[in-house]
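Biologist: Let's go through this model together. I will ask for the reasoning behind each label.

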There are 2 protein chains.
Amino acid sequence: MNVWDRPEPPTRPAPLDRERIVAAAIALADQGGLEAVSLRKVAARLDAGPMRLYGYISTKEELFDLMVDEVYAEILPEEQPGDWREVLCTLAHRTRQATLRHEWLADLLGGRPTLGPNALAVTEVTLAALDGLADLDTVMRAVETVSAYFTGAIRREIANLRAERATGLSKRDWQRASGPHVTRMLATGRFPALAKAVHDGTEVDAEVSFATGLDWVLDAVAAKLARPPT
Amino acid sequence: MNVWDRPEPPTRPAPLDRERIVAAAIALADQGGLEAVSLRKVAARLDAGPMRLYGYISTKEELFDLMVDEVYAEILPEEQPGDWREVLCTLAHRTRQATLRHEWLADLLGGRPTLGPNALAVTEVTLAALDGLADLDTVMRAVETVSAYFTGAIRREIANLRAERATGLSKRDWQRASGPHVTRMLATGRFPALAKAVHDGTEVDAEVSFATGLDWVLDAVAAKLARPPT
DNA sequence: TTTTATTGCAATACAGTGTATCTACATGAG
DNA sequence: CTCATGTAGATACACTGTATTGCAATAAAA
């Protein structure tokens, strides 16, 4: 047996770590959605057997949590400005942008408490920006209200975007013309206000709609912060 | 072969319809969560083979849509009061109550456009209540902002509730004492504002927190409806 | 009434999933 | 060189959603 026939020394498998696993999972999710993430595919992408992963994560849910926290690293603004309103506003917009980059995040947003280090860091700068502006209960209420808004708004935006993509039609065109079921329902005359809205509504840019609602909510928060609770 | 040995005339299977299928699926989800809903189990509950369902449903996603719309029937208030604010407020609270009855709804809320007949009916009474108070764009923004808020808030509430249930600890106790990871992070001193919040925060009832945030958002909407857009 | 066609249910089948268990081998110590 | 140990990998299991096939009972036709 000469040198060439001798089998390669069995290549010790490349060492794995959570970072690489999470990165592979995110890559899969970015291009195929969350349901394209299977432990087998993630492992394959790292030239490993599926069971290898269980040395670094204990369940698939945990992998999802890690993916979310990784995106929070993108969300955390590098240098935060002073004004509390600006902090909340950029937090909302950065979360939205991150979700547009990683649409699968919409499926996870708000689904579980976010306790990873990056998520905690985001919470920290947010709370820090509001610290002292009112009693702690009010501050918490403010943060939670704003984040409830943008979480819900982002999810809806992605949901609509997917629906449009699936039908190949813009929302209004589809509601008005093609949507077979909806059109029939509207034609029944049982939904006059809705019909009018669909008919007269103008298509608004998703970002300005998001920003507008956000401004309203921030206005409300500002009012409450100004005069601490009754 | 006597009469008793003679096999029963092959019992024609009980006729199926979407209603019964959806009801069975909801029953399963109510007691085991969304991931307890499998087509096989739903079918078994109706003494049918899995494939029977495909005569009434074309995919599992569609079943989920039907389940959601069924819950919207519970959400639709029987007789709506006049005031727009009251309509939006009760819509929010009824959605929350329905989600507390059917926790799985939290996983689906906002995940896809809601176009079932009951959901459309809910949208109809909502739009009707706001009709004429401002131009259509503003009205839409109002509805979407409020529903983004309560959607996000409900999801977070359920997420926390599940976490508490899983650890058997209240949120604050758990953050403060047990949560192994979080405690360590807080101890690093890198999150002073967060640490203070966890330390000084008082446990607030989920419903009042929901209602408070909702009131803030409704205040904001009221202000915008009063003076149509710039 | 007998034969054919049609319908709709059920069984089987397939490709995939998350995860538990078991086996074998490469590496460390003695 | 031998042995213990830990870890990578193979195998296995119980499921999943859904496509396809076959069958049996009814409706239609002769």
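Biologist: Which residues come nearest to DNA strand C?

Modeller: This is a predicted model. Among the 15 residues around DNA strand C, the nearest are A:R40, A:M51, A:Y54, A:T59 and A:K60. Of the strand's atoms within 4 Å of the protein, 56% belong to sugar and phosphate.

Biologist: What makes A:S38 a polar contact of DNA strand C?

Modeller: The distance between the atoms. An N or O atom in the side chain of A:S38 is 2.9 Å from a phosphate oxygen of DNA strand C. The cut-off is 3.5 Å, so the pair counts as a polar contact.

Biologist: What is the distance for A:Y54, and to which kind of oxygen?

Modeller: An N or O atom of the A:Y54 side chain is 2.7 Å from a phosphate oxygen of DNA strand C. That is within 3.5 Å, so this pair is a polar contact too.

Biologist: Which part of DNA strand C does the polar side-chain atom of A:R40 lie 2.5 Å from?

Modeller: A base nitrogen. With a limit of 3.5 Å, the pair therefore qualifies as a polar contact.

Biologist: Which element gives the largest share of the surface near DNA strand C, and how do the residues divide by class?

Modeller: Helix α2 of chain A, residues 39-45, gives the largest share, with three residues. By class, the surface has six nonpolar, three polar and six charged residues.

Biologist: Now the protein interface. How many residues does each chain bring to the contact?

Modeller: Chain A brings 61 residues and chain B brings 61 residues. The two chains bury about 4800 Å² between them, with 67% of that on carbon and sulfur atoms. On the chain B side, B:R141, B:R155 and B:W216 lose the most area to chain A. Together they make up 15% of what that side buries.

Biologist: Why is the pair B:K196 and A:D131 called a salt bridge?

Modeller: Their closest N and O atoms are 2.8 Å apart. The rule asks for a Lys or Arg side-chain nitrogen within 4 Å of an Asp or Glu carboxyl oxygen, so the pair meets it. The rule finds four salt bridges across the interface of chain B and chain A.

Biologist: How many residue pairs are in polar contact across that interface?

Modeller: There are 18, with both residues at pLDDT 80 or more. On the side of chain B that touches chain A, α7(B) gives the largest share, 19 residues. That side has 30 nonpolar, 16 polar and 15 charged residues.

Key: Residues are numbered from 1 along each chain as its sequence is written. Chains are lettered from A and ligands numbered from 1 in the order in which they are written. This is a predicted model: local features need pLDDT of at least 70, side-chain atom pairs count only at pLDDT 80 or more; totals for chains, interfaces and linings use all residues. Side-chain values use heavy atoms; hydrogens and water are left out. A residue is near a molecule or strand if one of its heavy atoms lies within 4 Å of it. A polar contact is a pair of N or O atoms within 3.5 Å; within protein, one must be able to donate a hydrogen and the other to accept it, and residues adjacent in sequence count only if both atoms are side-chain atoms. Helices (H or I, at least four residues) and strands (E, at least two) are DSSP runs, numbered from the N terminus. Ala, Val, Leu, Ile, Met, Phe, Trp, Tyr, Cys and Pro count as nonpolar, Asp, Glu, Lys and Arg as charged, and the others, Gly among them, as polar. Contact means heavy atoms within 4.5 Å. Buried area is the accessible area (1.4 Å probe) that two parts lose on being put together, summed over both.
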